[in-house]
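Visitor: I would like to learn how to read a model such as this one, feature by feature. Could we begin with the interior and then go on from there?

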Amino acid sequence: METLNVQKIVSWVKERFPVDVEGFKSLTNEPVPNHLRHWWLALGGTPAILFVIQIITGILLLFYYVPTPEGAYQSVFKITNEVTFGWYIRSVHKWASELMIVTVMLHMSRVYFTGAFRKPREVNWMLGVIIFFVTLGLGFSGYSLIYDQLSYWATMVGTEIAQSSPLIGGLAADFIRGGAEISGNTLTRFYILHVVILPATLAGLVVIHILTVRLHGVTEFEFEEEKKLERKTFPLFPDHFLTECIIGFLILYLLTIMAILFPAGLGKPANPLITPEHIKPEWYFYASFRWLKLTNIYIGVLGQIFFAGILVAWPFIDQMLEKKFPKMEMSVWIGFIGFSFYLILTVWEALA
Ligand code: HEM
């Protein structure tokens with residue numbers, strides 16, 4: 001009797017949604033090459049999980065956050081000290097944002113050092129670099145919403161840096177500030193950027209990115225122990241999907257520990273008249289901040305625009321280097337030097 005009812009329900013649903021189940025399976029369940037069992041080669045899934053966590057915790061924070069200069073700090077104070085589990089949601093959102101940037105960097109390094117950006121994946125690499133900058137933009141705009149002294153002055157410095165960009169600098173800075181000075185307009189703009197424009201852009205870019213990975217398939221690598229295996233692939237669903245779920249639970253566990261041990265703090269309310277002694281951006285901008293201190297602001301900004309251009313165009317620069325210096329793995333050496341430079345500047349700024 002019961003099975004009959006279940007069958008009836010299934011056929012009722014099937015009639016309303018006449019989906020070709022087998023076709024859907026073959027579309028979504030592409031076999032995954034064995035090397036993706038090595039977690040460092042499948043790191044792309046981790047920022048995707050963190051992005052989902054960010055969207056859920058971000059929506060919860062929106063219920064209490066007030067995007068005005070008078071209300072912003074007070075609302076963050078209320079979330080942290082009065083709202084039930086507000087401190088937890090805020091801390092998870094903060095730590096997940098940092099972990100997302102770390103994992104995007106790790107995924108990018110893996111793609112770079114395994115040469116997975118090479119033909120025919122050049123465009124997907126370029127898309128990835130844009131994804132990376134949008135992720136940094138989310139971090140920067142989110143930090144500015146807290147409206148305590150550090151976040152206010154970091155936003156001030158950030159917009160001044162934007163102002164020093166050639167040609168469009170002044171226009172860009174006025175546009176993001178909503179005028180010549182930081183004001184309520186600036187907060188509104190950063191708020192819209194942080195909760196609508198950048199997340200929507202990132203979601204769209206990640207979908208195109210993963211679809212492109214799906215079209216090309218991932219770069220093939222074969223490890224010694226896998227050469228003996230008869231099956232060269234494993235199913236995306238349920239095998240890879242379950243692995244990603246386990247990674248998701250481990251991440252939530254780690255974020256909870258971080259939230260308990262190091263809950264998101266709050267400094268003194270923003271005061272446009274008192275410049276703090278040490279203005280510090282978030283750690284992922286330390287290298288850029290130190291670089292600006294070492295050079296003058298114009299050379300500093302130009303240098304960073306140049307670096308961003310190199311990163312975007314890298315697959316094509318690599319092709320030229322490969323032709324000129326075959327078998328020398330120039331991209332590995334250059335990547336190693338570039339990464340060490342970033343690390344040295346970051347540690348230098350952290351210790352200053
Ligand atoms: C939110 C950020 C990102 C997400 C969710 C994401 C997701 C993914 C996923 C799921 C894969 C499949 C293989 C793997 O897991 O490694 C992949 C591959 C790839 N990603 Fe990303 N990615 C992101 C950011 C980036 C960035 C910043 C770059 C480079 C600048 C990049 C470049 C690539 C390339 C070229 C591949 C193909 C690798 C291969 O064929 O082995 N991705 N990405």
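**Reading the interior**

Guide: This is a predicted model, and the place to begin is its largest nonpolar core, which has 23 residues, with Ala 72, Leu 145 and Tyr 147 making the most contacts inside it. The elements that give two or more residues to this core are α4 (72–81), α6 (122–144), α7 (149–163) and α9 (184–216), and the most, seven residues, comes from α9.

Visitor: What is the general idea behind looking for such a core, and which residues does Tyr 147 touch?

Guide: In soluble globular proteins, nonpolar side chains tend to be buried together. Here, leaving aside residues up to four places away in sequence, Tyr 147 touches Pro 69, Ala 72, Tyr 73, Tyr 152 and Ala 270. Apart from the largest core lies another, of 19 residues, including Val 92, Val 104, Val 111 and Trp 314.

Visitor: How should I read a single helix, and what span should α7 have?

Guide: An α-helix has 3.6 residues a turn, so residues three or four places apart point the same way. As for length, the 15 residues of α7 should span 21 Å at 1.5 Å a residue, and this agrees with its end C-alpha atoms, which are 21 Å apart.

Visitor: Which residues of α7 are buried, and against which elements do they pack?

Guide: The buried residues of α7 are Leu 150, Ser 151, Tyr 152, Trp 153, Ala 154, Thr 155, Gly 158, Thr 159 and Ile 161. Their packing partners are α6, α8 (169–177), α12 (286–294) and α13 (297–324).

Visitor: Turning to the ligand, how many residues surround it, and which elements give two or more residues to the shell?

Guide: The ligand is surrounded by 26 residues, of which the closest are Gly 44, Ala 48, Ala 116, Gly 128 and Thr 219. Two or more residues of the shell come from each of α3 (45–62), α5 (86–113), α6 and α9, and α6 supplies the largest share, six residues. Sorted by class, the shell has 18 nonpolar, seven polar and one charged residues.

Visitor: What does the protein chain as a whole come to in helices and strands, and how far apart in sequence are its contacts?

Guide: The secondary structure of the protein chain comes to 14 helices and two strands, and its C-alpha trace spans about 70 × 65 × 40 Å along the principal axes. Of its 352 residues, 25% count as buried. Among contacts with a separation of 6 or more, 79% are between residues 24 or more positions apart.

Note on methods
Residues numbered from 1 in each chain as written. Predicted model: local features only at pLDDT ≥ 70, side-chain atom pairs only at ≥ 80, totals over all residues. Core = buried A, V, L, I, M, F, W, Y, C linked by C-beta atoms within 7 Å. Buried ≥ 20, exposed ≤ 12 C-beta atoms within 10 Å, placed from the backbone. Helix = DSSP H or I, 4+ residues; strand = E, 2+ residues; numbered from the N terminus. Contact = placed C-beta atoms within 7 Å. Near = placed C-beta within 6 Å. Nonpolar A, V, L, I, M, F, W, Y, C, P; charged D, E, K, R; others polar. Expected span 1.5 Å × (residues − 1).
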